[in-house]
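Here is a brisk tour of strand pairing and helix packing. Keep the coordinates open while reading.

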Amino acid sequence: MSSSNSDDRATHVLVFPYPAQGHILPLLDLTHQLALRNLHITILITPKNRPTLTPLLDAHPSIQTLLLQFPSHPSIPPGVENVKELGNKGNLPVMIALSKLFDPIVQWFHSHSNPPVAILSDFFLGWTLNLARQLNIVRITFFSSGSFLTAVSDYCWNHTDAAKSSDVVEFRSLPRSPVFKAEHLPSTFRFYKISDPDWEFIKDGMIANTLSWGCVFNSFEALEGEYLDYLKRNMGHDRVFGVGPLSLIGPESTRGGDTGLGQNNHVLKWLDRCPNESVLYVCFGSQKVLRREQMEALASGLEKSGIRFLWAVKTSMTQNEEDGYGLVPDGFEERVADRGLVLKGWAPQVSILSHKAVGGFLSHCGWNSVLEALVEGVMILAWPMEADQFVNAKLLAEDLEVGVKACEGADTVPDSEVLGRVISESISQCERVKKRAKELRGKALEAVKKNGESGSDLDRLVQELRKLVKNLKFTNP
């Protein structure tokens, strides 16, 4: 992919990730691909988030960094620069705080001998469209989530009164005319408070995302083609690029993300002793900690299912443990020792999902977990709780039929009899769903190849960026 074309070296892109693991890692995978195509790249990062760039910078010494201090905010403790230290409630103050980098970026831009022709920024940084307009460059929105979610979210933000006033919202203009309960809409929209200055700022940023010059999605044609096409029609141009699954084309040093099991090597040995596709992997992401009643119901459901399982349990904050948050019921591990394993703390999820013994994944349906499962051809048992998860669960279980619904709601305590039956039937009987999941895996692998849909969209994105250098008198939308 090397080239001596001087336009390549002049095509400078400023990459601005949002400091949350599920956002930043796929954008760095995309940046890796842009660097392979000889684009000149600068990544904007704050000091405590810089170590996340190490694998990428090691692979591409030519990538520059723009290191800016994380702006202060009254709701963010000093020294905190990543949402993982705050939980989902930290998104609003982090989004507001980062907007204070507007002027420092402008100063850097005007001091640069070869300033960028585009800013590629996360969809939680919608204010960068105004930044790009002031600098007379283009802004490209990077979505670490799916295009179905974006279509739903974009409708909500552009029809706030209607979406806020209904218990059930119908999206008649979208493919398949989906319908969602109000409590199942994207969390960022549900939390929106009309006339609150901070939330009005967030609203403006969200609307700006599809008004930007282009949009890039960590998705692919076989997964969300009809929604990618819908956004092209809705936005009035074809600068909508599905380039995923990006985890398949990230730097070699980080591909898989957790291939070294380290202290969890016993997990792999335990899986090695299990028959093929006999194990249910249970994990609800890095943020969600279940309450005592939920832990007890889930444990009981797993026990009653009679199915082998590997349960990754996020450990709770100390002050919550007395209320039973994140605690496995007493005696449970001993009762199921012949067919179940409980893993407390961090789980090597990619390595687990790729193991031949795993036949299903009970998941909250966060987008990165969804992609990790689909890349390995593993069917999903959906328990959506918040954020984008209800939209993703509908896509998987209803549109694509690569998953089944097991439960729903962040505070729901499932009926253990029903949950146990869903688990048992899904692992032992849902051959059609398993087959469709394997077929989608094949399509994902094909998509990222050079001539696949995602590979072609990636090349098309780079071609469009290079055109900007050849015609610097473009008009920013």
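Strand S4 (residues 118-122) and strand S5 (residues 138-143) run parallel and are joined by five bridges. Within this pairing, leucine 120 stands opposite isoleucine 140 of S5. The model is a predicted one.

**The seven-stranded sheet**

S4 and S5 belong to an open sheet of seven strands, paired in parallel and ordered S3-S2-S1-S4-S5-S8-S9. Which strands stand at the edges? They are S3 and strand S9 (240-242). Each has a single partner strand, so one side of each is left without a neighbour in the sheet. From one strand to the next, the twist averages 20°.

Helix H2 (residues 21-36) packs on this sheet. H2 touches S1, S2, S4, S5 and strand S8 (214-217). Its direction makes about 160° with that of S2. Helix H21 (residues 453-470) lies across S1, S4, S5, S8 and S9. H21 runs at about 140° to S9.

**Helix H5**

Helix H5 (residues 102-111) has these buried residues: Phe102, Ile105, Val106, Trp108 and Phe109. Seen down the axis of H5, they fall within an arc of 165°, so they line one face of the helix. The other side of H5 holds exposed Gln107, His110 and Ser111. What do the buried residues of H5 pack against? Their partners are strand S1 (12-16), strand S2 (40-45), strand S3 (64-67) and helix H6 (128-135).

**The six-stranded sheet**

An open sheet of six strands, also with parallel pairing, follows the order S12-S11-S10-S13-S14-S15. Strand S12 (340-344) and strand S15 (403-405) are its edge strands, each pairing on one side only. Neighbouring strands here are turned by 20° against each other on average, direction ignored. Strand S11 (residues 308-313) pairs with S12 in the parallel sense, over five bridges. In that pair, tryptophan 311 stands opposite valine 342 of S12.

Helix H12 (residues 265-272) packs on the sheet. H12 touches strand S10 (279-283), S11, S12 and strand S13 (358-363). Helix H18 lies across strand S14 (380-382) and S15.

The table lists the helices set against strands, with the angle to a reference strand.

| Helix | Reference strand | Angle |
|---|---|---|
| H2 | S2 | about 160° |
| H21 | S9 | about 140° |
| H12 | S12 | about 165° |
| H18 | S15 | about 110° |

**H17 against H18**

Two packed helices are described by the angle between their axes and the distance between the axes. Helix H17 (residues 367-375) and helix H18 (residues 389-400) pack at about 25°, with axes 10 Å apart. Angles under 35 degrees count as roughly parallel, so H17 is roughly parallel to H18. Trp367, Val370 and Leu374 of H17 meet Asn392, Leu395 and Leu396 of H18. By class, this contact has five nonpolar residues, one polar and no charged ones.

**Valine 433**

Valine 433 sits in helix H20 (residues 431-447). Is valine 433 buried or exposed? Its relative accessibility is 11%, so valine 433 counts as buried. Buried means under 20% relative accessible area. Leaving aside neighbours within four places in sequence, valine 433 is in contact with Met379, Glu401, Val402, Gly403 and Val404. Valine 404 is 29 residues from valine 433 in sequence. Their C-alpha atoms are 8.1 Å apart in space.

Definitions and conventions:
Residues numbered from 1 in each chain as written. Predicted model: local features only at pLDDT ≥ 70, side-chain atom pairs only at ≥ 80, totals over all residues. Heavy atoms only, no water. Axes fitted to C-alpha atoms, helices over the stretch in contact; angles between N-to-C directions. Helix = DSSP H or I, 4+ residues; strand = E, 2+ residues; numbered from the N terminus. Parallel < 35°, antiparallel > 145°, perpendicular 65-115°, else oblique. Contact = heavy atoms within 4.5 Å. Nonpolar A, V, L, I, M, F, W, Y, C, P; charged D, E, K, R; others polar. Pairing = 2+ DSSP bridges. Buried < 20%, exposed > 50% of the residue type's maximum accessible area, 1.4 Å probe, protein only. Arc of directions from axis to C-beta.
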